[in-house]
Amino acid sequence: MPKKKPNLNRKFSFSYFNYFYKIIGKHVYIYLFFNFIIGLLDGFGLMMFVPILQVASGDVAARESLGSLSFVLDFFSWVGLPLTLLNGLIIMVVLFVFKGLATYIRAIYYTHLRLKAALKMQTTMVRKFEGITYEGYTKLEAGRIQSVLIGQAGEVINAMTTYFGMFQEAVMVVAYMAIAFSVNWKFAIMVLIGAYASNYFFNYINKVTKDYSRKIVKVGFNINGDLIQSIQNFKYLKATNYFKIFAERLVKNIVLSQQYSFRLVRLNAIVTSAKEPIVITVIAIVTAIQVLVIKDSFTSMLAALLMFYRSLNYLVRIQTAWNMFIGQSASIDAVEEMSEEFTLKKEPAFDEKVENINDIEIKNLLIQFGDKVILHDINILIHQKTSVAFVGDSGAGKTTLANVVCGLQIPHGGEVITEGKNIYQTDLNSYRSKIGYITQDSVIFNDTIFNNVTFWAEKTPENLEKFWNVLSMVSMKDFVQGLTSAEDSTLGHNGILVSGGQKQRISIARELYKDVELLIMDEATSALDSETESHIKESIDMLQGKFTMVIIAHRLSTIKNVDTVYLLENGEITGSGSFKELQTISSRFKKMVELQEL
């Protein structure tokens, strides 16, 4: 059940407080304590400014301006400290020095909390992303994932800074308001009424700000998604001149994002620029009423007036910060929604581990997406260290079946058993760590050839020897040795600096380098020329008997020597046997072989 979102209609929205509390814990109370101390020091320091200087200058009427806080002056008499101009100034300086020290400690402390919160949030989101199922991943948008993990998560921390900044301002407001009430309660109530009336203006600005912030987040998802696709498909888009059309999509969303951002900034500017005029207007109206209508003395209002000018400034700063926070809060919604989706799509967790991949038995397998049945009533026994191949037309279910075997696709019915355990009721990572997976689309990282093959293994003599051995097996040793930087040559984004066949051979070399017990090859030779394919076929033949192999092949010549071939049609196995046996018993397979030979 989705979590209840914070209520933006409540000032300060304490549901957001609970949200941030879960991130930084009880440290928030220490931070708020520092704010309280700073507020008191600032309030008392400023409160004493006018009356102390007046009394020190001989103006006895200043005691009246302090109201019920005249005990401050009595304190001087009680401790026997002469109330002189110099003593008054020294006390004021001491108060503000302590305030400065407390402000410094608070800033350092909060920086530590901010960094800790950012680390916790982003690592938590990455771990949740790591834990989702493959099926769950296929239902998510890549642009949205990238935007949330990189952009929106950082924006949440900025929102937290703004939010607790409002608490800092709130402490100052409370301190000044308390002092002002003690000095002149009638004046204080009238100012509060005026401040409340001005709140309607800010509420309207807040509502519009929230709308634009949501639009900015949504457009950001679109920009990230289009950008990822343009990078992945750059070659095709460039070759066909479709990049111009795709670029227009990107530019349109970028312009839209800029327009929304400008409107958001304009709203913040309105709030900021209206701050002081609103404060002065409220104070001017209340002062006029107090002096001209109620006939109160201006002297009795002097300290309260100073306190309220400061408190209203902080109050409007809270409004400004709240408006900014609302603009950032859409990121909180985006991160929370993504976090909930990650949780809903999380793989089931089990403690039992798979120690070795022995015989693999698939029993009564069912895979169904919506109303569409992909695989039905699949029963296969793959003996340890044997090789099997899945063949059939596109859409027959070959890749889905391979995904089930390698622990990616959780069955909707049936079991996959090894060591007498259903692998989908064990710790799947213990099973996957023993698997090599070579796909039709080469997996290349923007790093050196050595790191791509060894997956960032330490460059020891033993690892180097193993590296060159597997390169020989995929016919890449001479090519790599002929490069200026040899194994330290970089491959570029998605292997853009090498050919498709070379990328595939590097992908195959990576899995051969890994000590695996099960090797899945999903049309691994589809991007290779005939000569290289022949080398890979020889490698496959050589690897037979060393570990279990599952091969999906479009080119049937690569699977002539496998132990068992399974023919899939419409999600069901319609024939099985050795390559020659299947040619004899299946007219469909025989026709496939004849067409490829032709």
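The accessible surface of the protein comes to about 30,200 Å², of which 59% belongs to carbon and sulfur atoms; areas were obtained by the Shrake-Rupley method with a 1.4 Å probe, and for residues only the protein chains shown count as cover. The model is a predicted one, in which local features need pLDDT of at least 70 and side-chain atom pairs count only at pLDDT 80 or more, whereas totals for chains, interfaces and linings use all residues. Residues are numbered from 1 along each chain as its sequence is written, and side-chain values use heavy atoms, with hydrogens and water left out.

Of the 598 residues, 48% count as buried (buried being under 20% relative accessible area, exposed over 50%, and partly exposed in between, with a 1.4 Å probe and protein chains only). The protein holds 20 helices and 10 strands, taken as DSSP runs numbered from the N terminus (helices H or I, at least four residues; strands E, at least two). Among contacts (heavy atoms within 4.5 Å) with a separation of 6 or more, 76% join residues 24 or more positions apart.

The largest nonpolar core (a set of buried Ala, Val, Leu, Ile, Met, Phe, Trp, Tyr and Cys residues joined through side-chain atoms within 4.5 Å) has 51 residues, and those with the most contacts inside it include Tyr-19, Phe-20, Ile-24 and Phe-164. At least two residues of this core are supplied by each of helix 1 (14-24), helix 2 (27-56), helix 5 (85-130), helix 7 (142-183), helix 8 (185-232) and helix 11 (298-344), and helix 7 gives the most, with 17 residues. Leaving aside neighbours within four places in sequence, Ile-24 is in contact with Leu-113, Ala-117, Met-160 and Phe-164. A second, separate core of 39 residues includes Phe-467, Trp-468, Ala-509 and Val-565.

Strand 9 (564-569) pairs in the parallel sense with strand 3 over 4 bridges, with Val-388 opposite Thr-564, and in the antiparallel sense with strand 10 (residues 572-577) over 5 bridges, with Leu-568 opposite Ile-573; pairing requires that DSSP find at least two bridges between two strands. The hairpin of strands 9 and 10 has 2 residues between the strands, and Asn-570 takes a positive phi near 55° there.

In helix 20 (residues 587-597), the buried residues are Phe-589, Met-592 and Val-593. These residues lie on the same side of helix 20 because they cover an arc of only 95° around the axis, the arc being that of the directions from the helix axis to the C-beta atoms. Their cover includes strand 3 (387-391), strand 9 and helix 19 (579-585), whereas Ser-587 and Leu-595, on the other side of helix 20, are exposed.
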